[in-house]
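Good morning, and thank you for making time on the agenda. Please keep the model on the screen while I speak, as I shall move from single residues to a helix pair and then to the whole chain.

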Amino acid sequence: MARIGVAVPWIVLAILMIAVGGLPFALAMIGFAGIGLGELFRMTRRYRPLIPVAFAAVAAMVIAALYGSQFQIVLVGVATFPLMFVFALVRGPRDGVTRSMAITVFGIAWIGLPFAHAVLLRELPVHGGALVIDVLVGTFLTDTAAYAGGRLFGRHRLAPSLSPNKTVEGLVLGFVGGTMGFWFAGLYQDWLSGLDALIMGMCIAALAPVGDLFESMVKRDLETKDTGRAFGPHGGLLDRLDAVLFTIVAGYYLAVALVY
């Protein structure tokens, strides 16, 4: 009940943000990205990440996505490197500066780029908002079906060294559930053909567990159970949106290739 009580307001807020779109949606993505970066940099503080650079780069990427395109996002990424150099030069002791820059770039790429792509997807003409919701539905149905399948039928562990509770049976049922969920949503969207919805659903359902296991690998290496408490009993933002960080990027390029 505690999990449901926390989840419902966030779901309502997410739908409202997607419906509004534009600058409010972009600002929300900057806020979420900031929370995610904060969680990552708390786990990696011993590497002394260049925190102001990461926050500035991610905010600039999201704004570039709102008012520009992928090209402007790349320009921001390129500009990040001389900015890191100057900041590291001014900050002081430069022991371990390579690690500092590496974890900074990792945060920008893993967390910043997906939230910028969420804005790119939302800003697609006419159907952007619906596509964002489709991707989220497909992603979360994959996770839910995998959880249910693992609890009911799970016998063979999928990746015990990364996530002991995940099973092969859960992976299969998650893939089916996420694919069918996306396809079913497409039945009520006459601009999205059944075949396109099926292809997109399969890609989303295949990538969701990869994003999940990727975050599990990072947490294992950093000896962390939960990345934070942003979502209360659900854990941190990275714990809840680990799969979305992968699927939202794929969702944008699939939409450009198949819908537009």
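The loop between α5, residues 97–122, and α6, residues 128–153, contains V126. Please bear in mind throughout that this is a predicted model. The backbone at V126 deserves a look: phi is near 70°, a positive value in a residue that is not glycine. Most residues other than glycine have a negative phi. As to its surroundings, V126 is exposed, with a relative accessible area of 77%.

There is a second case of this kind. E223, again not a glycine, has a positive phi of about 55°. Where does E223 sit? It is found in the loop between α8, residues 194–222, and α9, residues 237–241. Is E223 buried or exposed? Its relative accessible area is 75%, and E223 therefore counts as exposed, the threshold being over 50%.

From the loops I turn to a helix pair, α6 and α7. Helix α7 covers residues 168–186, and it packs against α6 at an angle of about 145°, the two axes being 7 Å apart. The crossing of α6 past α7 is right-handed. Which residues make up this contact? On the α6 side they are D134, V135, G138, L141, T142, A145, A146, G149, G150 and F153. On the α7 side they are E169, G170, L173, G174, F175, G177, G178, G181, F182 and A185. Sorted by class, the contact of α6 with α7 has nine nonpolar, nine polar and two charged residues. Glycine is counted among the polar residues in that tally.

One member of this contact can be examined individually. G149 lies in helix α6, and at 2% relative accessibility it counts as buried. Apart from residues up to four places away in sequence, G149 touches G154, G170 and L173. Of these, G170 and L173 belong to the α7 side of the helix contact. For a sense of distance across the model, take G149 and P52: they are 97 residues apart in sequence, and their C-alpha atoms are 42 Å apart in space.

On the α7 side, two residues of the contact lead us on to another helix. G178 and F182, both in the α7 list, are in contact with G201, as is T179, when neighbours of G201 within four places in sequence are left aside. G201 is placed in helix α8. Why is G201 classed as buried? Its relative accessibility is 1%, and buried means under 20%, so G201 falls in that class. The C-alpha atoms of G201 and W183 are separated by 6.2 Å, with their positions 18 residues apart along the chain.

Let me now move to helix α5, where I have chosen two residues. T104 is found in that helix, and it is buried, with a relative accessible area of 0%. Its contacts, leaving aside neighbours within four places in sequence, are F41, P49, L50, A54 and M84.

F115 is also found in helix α5. With a relative accessible area of 6%, F115 is buried. Not counting residues up to four places away in sequence, F115 touches M29, F32, A33, V62, L237, L241 and L245. Two of these, L237 and L241, fall at the ends of α9, residues 237–241. F115 and E215 are 100 residues apart in sequence, while the C-alpha to C-alpha distance is 16 Å.

Finally, the chain as a whole. How many helices and strands does the protein have? There are ten helices and two strands, and along the sequence they follow the pattern α-α-α-α-α-α-β-β-α-α-α-α. A compact globule of 260 residues would have a radius of gyration near 18 Å, and the 19 Å of this protein agrees with that. Along the principal axes, the C-alpha atoms fill a box of roughly 55 × 45 × 30 Å.

Of the 260 residues, 45% count as buried. The protein exposes about 12,800 Å², of which carbon and sulfur atoms supply 71%. As for contacts with a separation of 6 or more, residues 24 or more positions apart account for 71% of them.

That concludes the presentation, and I shall be glad to take questions.

Methods
Residues are numbered from 1 along each chain as its sequence is written. This is a predicted model: local features need pLDDT of at least 70, side-chain atom pairs count only at pLDDT 80 or more; totals for chains, interfaces and linings use all residues. Side-chain values use heavy atoms; hydrogens and water are left out. Helices (H or I, at least four residues) and strands (E, at least two) are DSSP runs, numbered from the N terminus. Buried means under 20% relative accessible area, exposed over 50%, partly exposed in between (1.4 Å probe, protein chains only). Axes are lines fitted to C-alpha atoms, for helices over the stretch in contact, and angles run from 0 to 180 degrees between N-to-C directions. A crossing is left-handed if the near helix is turned anticlockwise from the far one by less than a right angle, and right-handed if clockwise. Contact means heavy atoms within 4.5 Å. The radius of gyration is taken over C-alpha atoms; the globule rule is 2.2 Å times the number of residues to the power 0.38. Accessible areas come from the Shrake-Rupley method with a 1.4 Å probe; for residues, only the protein chains shown count as cover.
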